[in-house]
Structures are given as structure tokens and as C-alpha cells.
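Biologist: Before I plan anything at the bench, I would like to go through the inside of this protein with you. Please show me the chain.

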Amino acid sequence: MWCGGALILLIFLGLIFELCWQGRQAFSAFGFHFITSTTWNPGNQEFSAGAALIGTLVSSFIGVILALPLSFGCAYCLNELLPQRIARYITAATQLLAAIPSIILGMWGFFILVPLMAHYVQPFLKHFFGPIPYLDLLFSGGTFGVGILTAGLILAIMITPFITAIMQEAFANTPTMLKESAYSLGATKWEVMHQVILPWVQKGVVGGVVLGWGRALGETMAVTFVIGNAHHVNWSLFMPTNTIASLIALEFSESAAGSLKMSSLMALGAVLMVISFVVLFCSQLLLKQVLKSR
């Protein structure tokens, strides 16, 4: 068991070392400017991770924010509200959604979701939030359907089944005696969920969110179809941009081995690994603070 655990850790460290080693040319040429700059110009041999890094963080954050309440409500409904004969079939359907390949989801997003966003959702958001100061920056620009908001919506659809499955398992492990005791004292369903079930399953909830966020950070094909693939940063959620994973997928086949561009792509992979590790570490700190406060 010790050898198995050590092997997993060694593989993880070896992967990070290999990415950093292959990206050493980019880190040496650009330094810390590689992280902070938003320039990506292969013609002038100027590469950086800034635009893709922002696109990755914002799109994954939007996806998690949209997926979390839906996943929580679905998991709670399947375990506590619906009859088991009905919940069984809905659970199977949710698991089937998790099995959809990301490239199929991306194609669906390109042909179905993008026109809906362009003709209905984005114009409505622009009309509703346009007169509001500061918020108008987030919902300005052309309504072409593609963009970081559409990518976040695709990610939310993709990670909702994963988060739901983990939360559903956590709800199922809540001791029945605790819930029945609360009901016997006159507690409502909302009070039982808020004061009994949620404190018991909070670790599973955080675990589901972390797993979904990790999946969203590294998603490639589903995002590539709908994000627009532009190398710039803009305040508007309607404007096209890029993520680290989509940028690597698009540019990898066009990069020569040993070139500065290839090294920059490997450095982008190292940055993505670090982001995933930071998200996991911060979630564990947050969970410890929540448990300590209770």
C-alpha cells in the first residue's frame, strides 16, 4: 500500500517536472512575464499565458457557479423528495449524461447552444444589464453566441452530473436516525436539510465541487468549439477568448519539436497543473475552516 501511494505521488511529481523541464526554454526567455503578459504572437516569437490563464479561471468559475445549485438541488431531490421508483430512473439518466464524450457536447454547443445564445440569451442580457453601471462592461460587445459565457455554460452542463453523483452519495450516507430525530422534534424539510443534512454532507459537497472544478479547468474539446479561440483579454463575457487546454489543443500540432512555441505550450501545461493543485489546496483549507467553525 505504501508503494502504491508513493508511486502515485512520484508519477504526479514526475509529470510536473517533465512539463517544467520541457518548458524551461519559455520560462528562461520570458521569465515571470510569461504569466502576466497576454501576448501570443507566433510571428514575432512572443508567447505568454496571461490571456489563456484568465479564460481558464473565469470560464471554469462560471461553470462551477452555475452547476453548484443545480447539482445540489438535483441530489437532494433524488434522495429526499422523489419516490425511489422515480429517482432510480432519473439517477440512471444523470449517469448517462456524465458518459457523453466532451467532443459531442462541444458539437452540440456549437450547433445548438451558440445560435440560442446569439439570438436570445446574449441580447437579453445586454438589454437588461446594459444600463447598469459597471455591469455593462461584462455584457457589452457583439452578440455572436461564442465567448467565455457560452464556454462556462457548456462546462456547467458537463460537470453537473459529476457533482450530482458525489453529492447524491453523500446524502445517501446521512444517518437516518439524525433526520428522523429532527422530524420528530417538528423540524420542516428545509430545517432538516439546512441544519442536519448539510452539516453532515459538507465534506462531500466540497469534494464534488473540487472534482467538478478540476474537470472544468482541464476540459478541452467542449470549450474549444464555443469559446471563440481568440488571444486577447476583454471585460465582456460575450467576447471570444481562449483557455489553456484549448490553446494547447489548437497549437500543438503546428509547433515544431524543440521550438520556442512548443516550449511555451509545455509551460502552459505546467501552469495548468499548478492551478489545479492550488484549487485543491485552497478547497482543503476552506473545508478545514468550515469544520473548525462548527
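The questions below cover the core, the aromatic pairs and the cysteines of this predicted model.

Biologist: Which helix gives the most residues to the largest nonpolar core?

Modeller: That core has 40 residues, and Leu149, Ile159, Met167 and Phe171 touch the most other members. Helices α4, α6, α8, α10 and α11 each supply at least two residues of this core. The most, twelve residues, come from α8.

Biologist: Is phenylalanine 171 buried or exposed?

Modeller: Leaving aside neighbours within four places in sequence, its contacts include Phe72, Tyr76, Ile197 and Val201. The relative accessible area of phenylalanine 171 is 1%. Buried means under 20%, so phenylalanine 171 is buried.

Biologist: What kind of pair do the rings of phenylalanine 72 and phenylalanine 171 form?

Modeller: Phenylalanine 72 is in helix α4 and phenylalanine 171 in helix α8, 99 residues apart. Their ring centres are 5.4 Å apart and their planes stand at 70°. Planes over 60 degrees apart count as edge-to-face, so this pair is edge-to-face.

Biologist: Why is there no bond between the sulfurs of cysteine 77 and cysteine 74?

Modeller: A disulfide is a covalent bond between the sulfur atoms of two cysteines. The sulfurs would have to be within 2.5 Å. Cysteine 74 holds the closest cysteine sulfur to that of cysteine 77, but the distance is too far for a bond, at 7.0 Å.

Biologist: How many disulfides does the structure hold?

Modeller: Cysteine 77 is partly exposed, with a relative accessible area of 25%, and cysteine 20 is also partly exposed, at 33%. For the whole structure, the number of disulfides is zero.

Technical notes. Residues are numbered from 1 along each chain as its sequence is written. This is a predicted model: local features need pLDDT of at least 70, side-chain atom pairs count only at pLDDT 80 or more; totals for chains, interfaces and linings use all residues. Side-chain values use heavy atoms; hydrogens and water are left out. A nonpolar core is a set of buried Ala, Val, Leu, Ile, Met, Phe, Trp, Tyr and Cys residues joined through side-chain atoms within 4.5 Å. Buried means under 20% relative accessible area, exposed over 50%, partly exposed in between (1.4 Å probe, protein chains only). Helices (H or I, at least four residues) and strands (E, at least two) are DSSP runs, numbered from the N terminus. Contact means heavy atoms within 4.5 Å. Rings of Phe, Tyr and Trp (its six-membered ring) pair if their centres lie within 6.5 Å; planes under 30 degrees apart count as stacked, over 60 as edge-to-face and the rest as tilted.
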